[in-house]
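Student: I should like to examine a protein model with its ligand, element by element. May we work through it in questions and answers?

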Amino acid sequence: MPPKLPLRSIKPFRLQSSQIPYLSTSTRKAPCFYGPVRVRVPVTPAQPRLLKLQNHLSTTTTAMSQNNNNADFKLDKLFDVKGKVALITGSGSGIGLMATQALATNGARVYIVGRTEEKLQRVADIYGKDIPGEIIPLTCDVSKKDEIKRLVADISSRERCLCILFNNAGISLNTQQTEARSAEEMSANLFDDPDETFEMWTDTYRTNVPQLFFMTTAFLPLLEAAHKHNDNFSGVVINNTSISGIVKTSQHHFAYNASKAAAIHLTRMLANEIAQNGLRVRVNSVAPGVFPSEMTAGESDEKQKSHIPREKYESKVPAARPGEDRDMANAILFLATCQYLNGQTVAVDGGYILSAGSGP
Ligand SMILES: NC(=O)c1ccc[n+]([C@@H]2O[C@H](COP(=O)([O-])OP(=O)(O)OC[C@H]3O[C@@H](n4cnc5c(N)ncnc54)[C@H](OP(=O)(O)O)[C@@H]3O)[C@@H](O)[C@H]2O)c1
């Protein structure tokens, strides 16, 4: 509850409209942080922007706004994804698979997308049985615009809307030794490395950054339709970025970390521009620390799961372990359902950023 301010503590607006040319003379219910108050309000150039943002963020569900009964605080209300339509890219392994399980076992219909059909089919066969939701595999290379177009057409022919888009697919290509005892050694490590090429940088960037832009903008109409069919649930985009885009260490892969930093800023820009246009679509990102996946473990087993020995991260992460399925599941359910979260990056890293440092 916001603090109750005595009415007299709100000072009357004393400026005359003639004193400032852009002042409106009308009186209206002004948006105030502590609740509505009737005041004369200036119509400044900044206001249309604020009003658009308010329209965008006012997605309180009818159930929550009518009363405060305790039933509204039940987990299945707060984190309700039952019947929601979700699309997750890169969901044949790793974090995408964790998110798929989190949503589908709680009743969402989840389209899983990747380039390798057999991986996706195995996920659908193993994890799609006896659950309240569904897992539906679709192949697509999300780094190609025409394939994204085809994917949008396919989903549009099956669904009225898309509630949750998890742009999760990503790649990391080359690692380098950054530690050196001289400028010559450092230059040789980083510049002379034959695998560190302009092409490698652009390939990494292509999959990790513009893909988020094209997927989000292509699916906007379907995402915007989500609130019309789901009791005001605003469509949500979750970009999988990384703590690698936040920490100052290169972690031995400059190109990957630079791409993830770009992905975090892209998340903010998309959230902002979408809100500016008054569209009810939220854009956030999850920035995982280390989680077992094909990217971090180099392989996955017959169930498409990967493993990292706990001891490997005992001294590297305050949590003294890598992330687990349930850590990611918690985060995805929160990001998908919290109607008041927009333009944010949520780090789920066992405290890694605390130890690695993100500041200058
Ligand atoms: N695991 C971690 O510790 C960690 C930490 C921070 C951030 N992340 C991010 O998490 C995301 C998922 O990675 P992960 O760690 O779970 O690794 P992963 O197991 O290798 O999963 C990545 C998935 O993306 C798919 N993919 C790659 N390029 C694609 C494309 N062009 N089109 C469609 N699908 C594509 C891959 O499947 P196909 O090859 O079959 O297409 C693969 O299933 C990535 O964005 C990664 O940067 C991971």
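The exchange below treats one helix, the ligand shell and two loop residues of this predicted model.

Student: Which residues of α6 are buried?
Tutor: Helix α6 spans residues 145-158. An α-helix has 3.6 residues a turn, so residues three or four places apart point the same way. The buried residues cover an arc of only 60° around the axis, which puts them on the same side of α6. They are Ile148, Leu151 and Ile155.

Student: Which exposed residues does the face of α6 turned away from its buried side carry?
Tutor: The buried residues of α6 pack against β3, β4, β5, α9 and α10. The face turned away from that buried side carries Asp146, Lys149, Ala153 and Ser157.

Student: How many residues of the shell around the ligand are polar?
Tutor: The ligand is surrounded by 28 residues, the closest being Gly90, Gly94, Arg115, Gly170 and Ser293. Two or more residues of this shell come from each of α4 and α13. Eight shell residues are nonpolar and four are charged, while the number of polar ones is 16.

Student: Is Gln304 buried or exposed?
Tutor: Gln304 is found in the loop between α13 and α14, and has a positive phi of about 65° although it is not a glycine. A residue is buried if 20 or more other C-beta atoms lie within 10 Å of its own. Gln304 has 20 such neighbours and therefore counts as buried.

Student: What is the phi of Gln251?
Tutor: Gln251 lies in the loop between β7 and α12. It is partly exposed, with 16 other C-beta atoms within 10 Å. Most residues other than glycine have a negative phi. Gln251 is not a glycine, yet its phi is positive, at about 50°.

Note on methods
Residues numbered from 1 in each chain as written. Predicted model: local features only at pLDDT ≥ 70, side-chain atom pairs only at ≥ 80, totals over all residues. Helix = DSSP H or I, 4+ residues; strand = E, 2+ residues; numbered from the N terminus. Expected span 1.5 Å × (residues − 1). Buried ≥ 20, exposed ≤ 12 C-beta atoms within 10 Å, placed from the backbone. Arc of directions from axis to C-beta. Contact = placed C-beta atoms within 7 Å. Near = placed C-beta within 6 Å. Nonpolar A, V, L, I, M, F, W, Y, C, P; charged D, E, K, R; others polar.
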